[in-house]
Amino acid sequence: DKLKKGLEKTRKSFTEKIEQIVVGYAKIDDDLLDELEEALISADVGVKTSTLLMEEVHHGIKKKEINTPEDLRPFLEEKISALLMTGSDASTLAVNPPTVILVIGVNGVGKTTTIGKLGNYYKEQGKTVMLAAADTFRAAAIDQLEIWGTRIGATVIKHDEGSDPASVAFDAVKAAKARNIDVLIIDTAGRLHTKSNLMEELKKINRVIQREIPEAPHETLLVLDATTGQNAINQADVFSQSAPISGVVLTKLDGTAKGGVVVGIKAELKMPVKWIGIGEAVDDLRPFNSEDFAKALFS
Ligand code: GDP
């Protein structure tokens, strides 16, 4: 299927590398373990996670769960799957609509595309969807969101370029309530270089949304680009200081060998991965399912 195909490069850099190392050694020794650790680090699972996994391996050797190089692959598969399956990644809608979803992330990670795909996902579930262009910093961002709105049949709330993002968000929440919209998805600007501004802007957006709906936003999704590997982890770190993130959307998993970053996000950052992007088409956004992901990674 498409997920398995999308993860092909990651599988090559990850599973097949482990396999190669394993068949290259007759017995477990320090060289093998060094090579294995390097393979894990280069697969973008993160240094901390690699260290943790290697500790498990040493432990497994001591406890005689690992006796030969061949035992390593199923052992790691089990441990990595367990890491992937920690916490809940489910994305649910609010009991009382509208569900307000705030989408954050730096420019270029696939934020607009993700909003379009997400809107389409809910449309296909029979929900009414509204988009809000609160990235008022770039005219192109507003235009692009409008194109997506037209494509998926969702109203787009926008103001002029340069206007106050929080007032767009406020108008959108009011409009979504008035029009009985099920899902409101709010785009935000992604200028990481002005960290304190970003923080203030997101705080203000949250504040005005809560004036209308105290429990909103129901979801704050951070969009990260899988092809940036460890950089994605660093971005998550910075953004988590600006807003309470409820989940990650990991885009561009197709065609990258860095899909191991999912393990890092879950194990290192303890953030749920709620959606994954596996292509540019409108239906190439999937709810993240750890079991399917682990299966696609190892089989
Ligand atoms: P933004 O600046 O964060 O809003 O980024 P865009 O939504 O404009 O996306 C940037 C580029 O990434 C576009 O060419 C998208 O088609 C592409 N893109 C987004 N998500 C994915 C994905 O899951 N897979 C692939 N291959 N491309 C993606």
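Me: Of the 17 residues around the ligand, which come nearest?
Reply: This is a predicted model. In it, the ligand has 17 residues around it. Those that come nearest are G108, K111, T112, T113 and E280.

Me: Which helix gives the largest share of the shell around the ligand?
Reply: The largest share of the shell is 4 residues. They come from a helix spanning residues 111-124. That helix is α6.

Me: How far is a nitrogen atom of the ligand from an N or O atom in the side chain of D254?
Reply: The backbone of K111 has an N or O atom 2.7 Å from an oxygen atom of the ligand. For K252, a polar backbone atom is 3.0 Å from a ligand oxygen atom. In D254 the atom belongs to the side chain, and its partner is a nitrogen atom of the ligand. The distance for D254 is 2.7 Å.

Me: How much of the ligand's accessible area does the protein cover?
Reply: On its own, the ligand has 590 Å² of accessible area. The share of this that the protein covers is 79%.

Me: Which residues point the other way from V183, I185 and D187 in β4?
Reply: Side chains in a regular strand alternate between the two faces of the sheet. Strand β4 covers residues 183-188, and 6 of its 6 residues are buried. V183, I185 and D187 point one way. The other way point L184, I186 and T188.

Me: How many bridges join strand β2 to β4?
Reply: Strand β1 (residues 99-104) runs parallel to β4 and is joined to it by 5 bridges, with V100 opposite L184. Strand β2 (residues 129-134) also runs parallel to β4, and there A133 stands opposite D187. The number of bridges between β2 and β4 is 6.

Me: Why does the pair of F14 and F298 tie together parts far apart in sequence, and how many residues apart are they?
Reply: A search of the whole structure finds 5 aromatic pairs. In one of them, the ring centres of F14 and F298 are 6.2 Å apart and the planes are at 55°, so the pair is tilted. F14 lies in helix α2 (residues 8-23) and F298 in helix α12 (residues 290-298), so the parts tied together are apart in sequence by 284 residues.

Me: Are F288 and F293 buried or exposed?
Reply: The rings of F288 and F293 have planes at 55° and centres 5.3 Å apart, so this pair is tilted. A residue counts as buried under 20% relative accessible area. Both F288 and F293 are buried.

Me: Which residue lies over the face of W148?
Reply: Over the face of F170 lies R211, at 5.5 Å from the ring centre. For W148, the distance to the ring centre is 4.2 Å. The residue over W148 is R151.

Note on methods:
Residues numbered from 1 in each chain as written. Predicted model: local features only at pLDDT ≥ 70, side-chain atom pairs only at ≥ 80, totals over all residues. Heavy atoms only, no water. Phe/Tyr/Trp six-rings, centres within 6.5 Å; stacked < 30°, edge-to-face > 60°. Helix = DSSP H or I, 4+ residues; strand = E, 2+ residues; numbered from the N terminus. Buried < 20%, exposed > 50% of the residue type's maximum accessible area, 1.4 Å probe, protein only. Lys NZ or Arg CZ within 6 Å of the ring centre and 35° of its normal. Pairing = 2+ DSSP bridges. Near = heavy atom within 4 Å. Polar contact = N/O pair within 3.5 Å; in protein donor to acceptor, adjacent residues only side chain to side chain. Areas by Shrake-Rupley, 256 points an atom, 1.4 Å probe, with all protein chains shown as cover.
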